[in-house]
Amino acid sequence: MEIGRGAEAVITLEDGVVRKERIAKSYRQPALDERIRQERTMREARIMSDARRHGVLTPIICDVSRFDLKMEMVAGEKLKDVIDRELSEMVGETVGRLHSGGIVHGDLTTSNMILTRGRICLIDFGLSFYERTIETQGVDVHVYFQTLESTHDRPQELIEAFVAGYTRTYSQADAVLERVKEIKARGRYL
């Protein structure tokens with residue numbers, strides 16, 4: 001049963017297992033398309049496993065093949081439907097651990113977070129990569145802040161809560177948060 005579709009993949013649920021299949025792109029040369037899809041699939045699986053080693057809850061990978069990831073179904077509520085100050089602080093702690101591990105999620109929205117058993121689970125690592133620069137981590141956090149500002153009530157309260165959790169778990173948080181201000185200012189002049 002199809003449960004989601006993105007620009008790169010179709011997500012299905014089969015016998016309690018989530019399958020993310022990267023679909024072929026007809027506009028790319030076939031050999032290049034296969035290489036890109038395979039590399040992205042392997043990278044996503046590797047990063048999700050690595051994130052878990054850094055204390056970030058992610059779905060457990062059950063199987064990886066050329067263009068498919070099979071992972072556990074995470075039961076819970078999408079954070080976008082239940083977020084409050086306390087949960088946003090937990091997101092900050094989670095992202096702090098992720099960034100401490102040198103991982104940038106690439107799509108930090110409340111739609112890519114599930115509240116399960118009192119914890120935040122990050123999903124959809126399709127745009128993730130390894131990077132330790134303040135700029136890329138700042139962009140990651142900026143995306144989260146933009147999501148709060150565009151889709152949630154009381155965004156400033158949620159941002160402040162995120163900052164409290166983020167600074168508690170990430171030693172470079174102050175530099176990243178300063179960069180977020182610069183990124184936001186740059187966006188105003190584009």
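**Exercise 1.** Work out in which sense strand β6 and β8 pair, and over how many bridges.

*Solution.* Start with the bookkeeping: strands are DSSP runs of E with at least two residues, helices are runs of H or I with at least four, and both are numbered from the N terminus. Two strands pair if DSSP finds at least two bridges between them. Strand β6 (residues 77–78) and β8 pair in the antiparallel sense over 2 bridges. For a concrete link, E77 has L115 in β8 as its bridge partner.

This is a predicted model, so local features need pLDDT of at least 70 and side-chain atom pairs count only at pLDDT 80 or more, while totals for chains, interfaces and linings use all residues. Residues are numbered from 1 along each chain as its sequence is written, and side-chain values use heavy atoms, with hydrogens and water left out.

**Exercise 2.** Now follow β8 into β9 and describe what joins them.

*Solution.* β8 and strand β9 (residues 119–122) pair in the antiparallel sense over 4 bridges. One to look up: L115 has I120 as its bridge partner in β9. The two strands form a hairpin with 2 residues between them, and R117 in the turn has a positive phi of about 50°.

**Exercise 3.** Decide whether the faces of β8 are covered or open.

*Solution.* In a regular strand, side chains alternate between the two faces of the sheet. For β8 (residues 113–116), take M113 and L115 on one side, then I114 and T116 on the other: all are buried (under 20% relative accessible area with a 1.4 Å probe, protein chains only). Both faces are covered.

Notes
Buried < 20%, exposed > 50% of the residue type's maximum accessible area, 1.4 Å probe, protein only.
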